[in-house]
Structure formats: C-alpha cells, structure tokens
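Subject: Structure handover

Hello,

Here is the structure I promised to pass on. Please have a look, then read my notes below.

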Amino acid sequence: MRVATILPLVAALAACAPTAEQGRAVAVQSAGVPSGETVPSGSESGRPAELGLRSRADNPCALVSASQLAEFGSFKPSSTKVDESGLGRSVSCSWQPASIVAGAHYSVVVYDFQFPYEVAERNLGSEWDNVEKTAVDGYPAITGFNSYGIVGCSTAVSVADGQIFMSGLLTSVESSPEYANPCDYSRRFASVIIKNLKG
C-alpha cells in the first residue's frame, strides 16, 4: 500500500502554481539556524554526521536564507503548508518566482515523524520516473524526475536515521536554467539546506 505522505513535495510544488490555493505567507528568514544538533555518525550510516531535522519542522522556510535564495532567482514571500493526512505531520515551504515567466518554483518538505530512508526509497522509486540514487554533500539521496507538462525534480536526503527532507523545483519556463537541468538545481538547493542544518 502506498503511503499518502510519501510525495507531499510534489503537491507542495504543484501548490506553487499560480492557479493553486496558497498557504499562509511568511517572510523568508535569515540563516539563523541553531547549531549544536550535529552528532558523530556511525560508519555504517554512510553519512558524514547525523543532522537534527525535527526541530526545524515548524518552520522549514528558515532552512534557506534570503541571500541564499537569491542565488536561485527572485521570489515572492514564501508560503507554508501543513500535511497531517498520512503517517504523521509534514510541513512544506514554497517559494514562487517573482515572475512566473522568468523562473522556477522551489520547495522543501520536513517530516516531523520517523521516516525510514528505505521506505522513502521504495515508494519514490515506484512513483517517479528517472529515479537515481545519489548523494548530496556525502548524505544519501534519491532524485526523481517527472514531467507533467511542467519540468520538475525532487531530491530526498537522509540526514539522520529516520529523518529525511525533500527539496525540489518545478518550472515551465524553457529559457530558465532549471528547465534544462532540473535535478542539478534540486541537488544544489538541497546542498544549501544541508549547509544550514550543520549550523
């Protein structure tokens, strides 16, 4: 049985579309991400270190600073959405481009429950096309690419046992750099989040 909360990033990114209902608007926050949540990782995990993620679940928008976001384009104020329809609570943050004809929609989802990486891998593999096992800054990750008339790529990153975030983008703008290489940009965005999780 497929888990309803496995793919909230797809819904979160779709919600960025101009015709979709928006969540409450919040300001993009600075990179004031608290440090001190990094602990040594066991060598069997394949991670450089375990990174605490659940304490960030209430405000995933804070995982990307305004200056870091500006490296990906110009955006409207972020919006958040809470999903409690599946295994547990997840919170997404979405950024719409300032001009829908000039950029991509970006999003990040944080899961506030124990979410085994193996479950994410199995379910994402069954749902997405062009799934690739990869790594982002040494952390195990999966990227999935689909095109439903809009080009998009999502990256699920395992930062600690049972703790995963997903980042990604959607764009229909053929002239945007994301259109040609969506997964490259999805991984770049995930790398920013990892950097800020490290504090």
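Let me start with one residue. Tyr111 is buried, with a relative accessible area of just 1%. Phe115 is buried too, and its relative accessible area is also 1%. Please keep in mind that this is a predicted model.

**Aromatic pairs**

How many aromatic pairs does the structure hold? There are eight. Take Trp95 and Phe189. Their ring centres lie 5.7 Å apart, and the planes meet at 75°, which makes the pair edge-to-face. Trp95 belongs to strand 5 (residues 90–95) and Phe189 to helix 5 (residues 182–198), so this pair ties together parts that are 94 residues apart in sequence. Are these two residues buried or exposed? Both Trp95 and Phe189 are buried.

Tyr111 and Phe115 come next. Their ring centres are 4.7 Å apart and their planes stand at 75°, so this pair is edge-to-face. The cut-off for that label is an angle over 60 degrees.

There is also a cluster. Ring pairs link Phe72, Phe75, Trp95, Tyr106 and Phe189. Trp95 and Phe189 therefore appear in it as well as in the pair that ties strand 5 to helix 5.

**Pro116**

Where is Pro116? The loop between strand 6 (105–111) and helix 3 (117–127) holds this residue. Pro116 counts as partly exposed because its relative accessibility is 32%, and that class runs between 20% and 50%. Which residues does Pro116 touch, leaving aside neighbours within four places in sequence? Its contacts are Gly162 and Ile164. Ser158 is 42 residues away from Pro116 along the chain, yet their C-alpha atoms are separated by 8.6 Å.

**Glu174**

Glu174 sits in another loop, the one between strand 10 (163–171) and helix 4 (177–180). Glu174 is exposed, because its relative accessible area is 62% and the cut-off is over 50%. From Glu174 to Val101 the C-alpha distance is 9.1 Å, with their positions 73 residues apart in sequence.

**The whole protein**

Five helices and ten strands make up the secondary structure. The protein has 199 residues, and 52% of them are buried. Its accessible surface is about 8900 Å². Carbon and sulfur atoms account for 52% of that surface. Now for contacts with a separation of 6 or more. Of these, 60% are between residues 24 or more positions apart.

That is the handover.

Best wishes

Key
Residues numbered from 1 in each chain as written. Predicted model: local features only at pLDDT ≥ 70, side-chain atom pairs only at ≥ 80, totals over all residues. Heavy atoms only, no water. Helix = DSSP H or I, 4+ residues; strand = E, 2+ residues; numbered from the N terminus. Buried < 20%, exposed > 50% of the residue type's maximum accessible area, 1.4 Å probe, protein only. Contact = heavy atoms within 4.5 Å. Areas by Shrake-Rupley, 256 points an atom, 1.4 Å probe, with all protein chains shown as cover. Phe/Tyr/Trp six-rings, centres within 6.5 Å; stacked < 30°, edge-to-face > 60°.
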